[in-house]
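Welcome, and please get your viewer ready with a cartoon view and side chains you can switch on as we go. We will move from one selection to the next and look at what is there.

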Amino acid sequence: MIIFPAIDIKDGNCVRLYKGDFSTATKVASDYLKTAQGFEEAGASWIHMVDLDGAKAGKPVNNKIYTDVAQKTGLKVEVGGGIRNIETIQEYLDMGISRVILGSAALKNPKLVADSIEKFGNEKVVVGIDSVNEMVATEGWLESSDVHYIDLANKMIEYGVKYFIFTDISKDGTLSGVNCEQLQKLFDATSGRALVVASGGVHTMDDIIACKKMGLYGTICGKSIYSGTLNLKEAIDYAEEDK
């Protein structure tokens, strides 16, 4: 299993939100590059980065930060937030980003997902499914829908999607543990057809252990690293055992 340490960017700062509420943004690190380099030193191979300003604006805002990390560290970078067209995906990939995350676009513009998979392949495009009470949320979690998260996943698989990042928004930034029940449902529904990454609620090694036992492809860790409840190196070492 892959551990994805996370950096969310708002107003150029490394922040964490509580349950996706932009008004709760708390600065957690002073230097994004040094933070990323610290993740790399702990053994991380990937980093998960989100353009919170971009998610709200519907277009990339903090591009330079992500490309800096891609070009100045050995980390593979996945980026989400505000990616709404093929041109933006192309620009990110050209600048050294390893994967882009389509969130709102998956629900609102499924053709973009299909076109992206066809053009770039399913290793370069990830679909982020964010839910509240099992229903998909969009636009930086500011809008809710009447689409069930598993229904969306099944539809995306038809378009060739291989990777999903699932976030239970009620868990995000709470350090209250991952939503094992919903993750298990998604894993069971997509097993053999797609790979699932857990996001939201990671607190301690217990969550890493639970995610690995479920057979998940990866786990995203943010606030738990910054708050010190999870040791990144320990998490990576455990996740990669018997790899």
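**Stop one: a helix with two sides**

Start by selecting helix α8, residues 180–190, and show the side chains of Q182, L183, L186 and T190, which are buried. Keep in mind that this is a predicted model. Now look down the axis of α8: the buried residues fall within an arc of 100°, so they line one face of the helix. The general geometry helps here: an α-helix has 3.6 residues a turn, so residues three or four places apart point the same way.

Next, add E181 and D188, exposed residues on the face of α8 turned away from its buried side. What covers the buried residues? Show β7 (125–132), α7, β10, β11 and α9, which are among the elements that do so. Before leaving, click on G192, which follows α8 and has a positive phi, near 85°.

**Stop two: a serine in a strand**

Select strand β11, residues 195–199, and zoom in on S199. Is S199 buried or exposed? Its relative accessible area is 11%, and because buried means under 20%, S199 counts as buried. Show T167 as well: the side chains of S199 and T167 are joined by a polar contact of 3.1 Å.

**Stop three: aromatic rings**

Now display F4, W46, Y163 and Y217, which together form one aromatic cluster. The whole structure holds 5 aromatic pairs. One of these is Y163 with Y217, a tilted pair with 5.0 Å from centre to centre and 45° between the planes. This pair links distant parts of the chain, 54 residues apart: Y163 belongs to strand β10 (residues 163–168), while Y217 is in the loop between α9 (205–214) and β12 (218–221). Both tyrosines, Y163 and Y217, are buried.

Stay with Y163 and add R99, which lies over the face of that ring, 4.0 Å from its centre. For another charge over a ring, select K212 and Y238: the charged end of K212 sits 4.7 Å from the ring centre of Y238.

**Stop four: the nonpolar cores**

Finally, select I3, I47, M49, I129, F164 and I208, the residues with the most contacts inside the largest nonpolar core, which has 66 residues. Helix α7 (residues 149–158) gives the most to this core, with 6 residues. A second, separate core has 11 residues, including I2, F4, A6 and Y217.

To finish, centre on I47 and show its contacts beyond four places in sequence, among them P5, I7, F39, V69 and L75.

Notes:
Residues are numbered from 1 along each chain as its sequence is written. This is a predicted model: local features need pLDDT of at least 70, side-chain atom pairs count only at pLDDT 80 or more; totals for chains, interfaces and linings use all residues. Side-chain values use heavy atoms; hydrogens and water are left out. Helices (H or I, at least four residues) and strands (E, at least two) are DSSP runs, numbered from the N terminus. Buried means under 20% relative accessible area, exposed over 50%, partly exposed in between (1.4 Å probe, protein chains only). A polar contact is a pair of N or O atoms within 3.5 Å; within protein, one must be able to donate a hydrogen and the other to accept it, and residues adjacent in sequence count only if both atoms are side-chain atoms. A nonpolar core is a set of buried Ala, Val, Leu, Ile, Met, Phe, Trp, Tyr and Cys residues joined through side-chain atoms within 4.5 Å. Contact means heavy atoms within 4.5 Å. Rings of Phe, Tyr and Trp (its six-membered ring) pair if their centres lie within 6.5 Å; planes under 30 degrees apart count as stacked, over 60 as edge-to-face and the rest as tilted. A charge sits over a ring if NZ of Lys or CZ of Arg is within 6 Å of the ring centre and within 35 degrees of the ring normal. The arc is that of the directions from the helix axis to the C-beta atoms.
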